[in-house]
Amino acid sequence: MKILIVGSGGREHAIAWKVAQSPKADKIYCAPGNAGIAEYAECVDIGAMEFEKLVAFAKEKEIDLTIIGMDDPLVGGVVDAFEAEGLRVFGPRKNAAILEGSKAFSKDLMKKYHIPTAGYENFDDPQEAIAYLKTAAFPIVLKADGLALGKGVLICNTLEEAEEGVKAIMLDKQFGSAGNRLVVEEFMTGREVSVLSFVDGKTIKTMTSAQDHKRAGDGDTGLNTGGMGTFSPSPFYTKEVDDFCNQYVYQASVDAMASEGREFKGIIFFGLMLTDNGPKVLEYNARFGDPEAQVVLPRMKNDIVDVFEACIDGTLDQIDLQFEDNAAVCVVLASDGYPVKYDKGLPISGFDNFKDKEGYYVFHAGTKTSEKGIVTNGGRVLGVTAKGTDLKEARANAYKAVDWITFDNKYYRNDIGKAIDEA
């Protein structure tokens, strides 16, 4: 098969790495790709939002399967564009990707179908939002309705903070048009857990659990980021939690979308909060998490191309999804100053340290090839992942491997997976 992957981050590198292991994959392309993806795929200079060019390329190269990694093109309707030309593509159509594209839509869906989530209200008018906040209990959560690179969520401890937040999101457009609508949500406490799943429109198969670390600084301090590291599995995701979610969350979400005439094929990412009142859905995403993919895919036993095709063909019920009985930890290496301001173009060394080392991986997120070799090209630069027999061993291995990579302004959190010590 000739396979095209759309995207350029650590998630797409993990997908490319996994696809390359399939005996079905003869030739892999990635648009636009990055320096690490180039090891497995021919990188093509087409942006993820250039739908016409992507479709034309797929037709010209007679691509057998296209895999969409990123949220923006999915929400924008890239799958519809491919299907209109009779091309096989993995990912939800535009009318299903709204599950991630609009937080207001997903909250209303959960309310209608009794899927457990935090109490909330949606607002189009900033003055109405502020009037509501004057009656609310604090802390409270403000969410930009649309896509905001994982950063459009503010936790406000006081009314003054909340009023500033409404202004930043809805009036100053800190997150652009994503802030045209606002979701004001009850603040939930508990452990966060991520569960990724494959969906074929009717059947859902969940992957192993993971846990992300969103804040930039140690001890969950600083600004929200796209993710500073992950571990898998989560020791807090017990059989009891799994049983509850299977009954009230996972299949219920797939069935709800089908009932709304929005058949979902692709990945549903469930962001869960394990509260004192049981698990509740924090958010849905319509694609692999980044960096969750970097710890989940290395533990997956299946040929991923088989699973992608089963999702497209509606035969996922025939797949026995299996994961290794071990653990993985990913530590993100960022450029100091991320997520606000940071330098690019800094040479990176140390990749050779990962060669021929079983269970150690370095996934490129923001890199490119230049005359200086591989250099930094983003805020999140690399994801260093390591496996171990258990989470503590995987964590020790990951931090050992972090020292193998060198670049100026290298920054990372020192406490990824520290929560496992409390489990």
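These exercises work through a sheet, a helix pair and several salt bridges in a predicted model.

**Exercise 1. The sheet**

Task: Give the strand order of the four-stranded open sheet, and explain why β6 and β8 each have one side without a neighbour.

Solution:
- Step 1. Read the order. The strands run β6-β9-β7-β8. Their pairing is antiparallel.
- Step 2. Find the edges. β6 (120–123) and β8 (153–156) stand there.
- Step 3. Count partners. Each edge strand has a single partner strand, so one side of each is left without a neighbour in the sheet.
- Step 4. Add the twist. From one strand to the next, the twist averages 20°.

**Exercise 2. One strand pair and the helices on the sheet**

Task: State how many bridges join β7 to β8, and which residue of β8 stands opposite L142. Then place helices α6 and α7 on the sheet.

Solution:
- Step 1. Take the pair. β7 covers residues 140–144 and is joined to β8 by four bridges. The two strands run antiparallel.
- Step 2. Find the facing residue. L154 in β8 lies opposite L142.
- Step 3. Recall the general rule. Strands of a sheet pair through backbone hydrogen bonds, in parallel or antiparallel fashion.
- Step 4. Place α6. Helix α6 (residues 103–112) lies across β6, β7 and β9 (182–186). Its angle to β6 is about 140°.
- Step 5. Place α7. Helix α7 (residues 126–133) also packs on the sheet and touches β6, β7 and β9. The direction of α7 makes about 155° with that of β6.

**Exercise 3. A helix crossing**

Task: Classify the crossing of α1 and α11, and describe the residues that make the contact.

Solution:
- Step 1. Locate the helices. α1 spans residues 10–20 and α11 spans residues 304–313.
- Step 2. Take the geometry. The axes come within 8 Å and cross at roughly 105°.
- Step 3. Apply the cut-off. Angles of 65 to 115 degrees count as roughly perpendicular. The two helices are therefore roughly perpendicular to each other.
- Step 4. List the contact. α1 supplies I15, K18 and V19; α11 supplies I304, V305 and F308.
- Step 5. Sort by character. Five of these contact residues are nonpolar, none is polar and one is charged.

**Exercise 4. Salt bridges and burial**

Task: For the pairs E83–R93, E100–R287 and D290–R380, say where the partners lie and whether they are buried or partly exposed.

Solution:
- Step 1. Recall the principle. Side chains of opposite charge can pair when their charged atoms come close. The structure holds 25 salt bridges.
- Step 2. Take E83 and R93. Their N to O distance is 2.6 Å. E83 sits in helix α4 (residues 78–84), and R93 in the loop between β5 (89–90) and α5 (94–101), ten residues apart. E83 is partly exposed at 34% relative accessibility. R93 is partly exposed too, at 30%.
- Step 3. Take E100 and R287. Their N to O distance is 2.7 Å. E100 lies in α5 and R287 in the loop between β16 (278–285) and α10 (293–296), so the bridge ties together parts 187 residues apart in sequence. E100 is buried at 5%. R287 is buried at 11%.
- Step 4. Take D290 and R380. Their N to O distance is 4.0 Å. D290 lies in the loop between β16 and α10 and R380 in strand β21 (residues 380–388), so parts 90 residues apart in sequence are tied together. Both D290 and R380 are buried.

**Exercise 5. A network**

Task: Which residues are linked with K24 in a network of salt bridges?

Solution:
- The network links K24 with R88, D306, E309 and D313.

Conventions:
Residues numbered from 1 in each chain as written. Predicted model: local features only at pLDDT ≥ 70, side-chain atom pairs only at ≥ 80, totals over all residues. Heavy atoms only, no water. Pairing = 2+ DSSP bridges. Axes fitted to C-alpha atoms, helices over the stretch in contact; angles between N-to-C directions. Contact = heavy atoms within 4.5 Å. Parallel < 35°, antiparallel > 145°, perpendicular 65-115°, else oblique. Nonpolar A, V, L, I, M, F, W, Y, C, P; charged D, E, K, R; others polar. Salt bridge = Lys/Arg side-chain N within 4 Å of Asp/Glu carboxyl O. Buried < 20%, exposed > 50% of the residue type's maximum accessible area, 1.4 Å probe, protein only.
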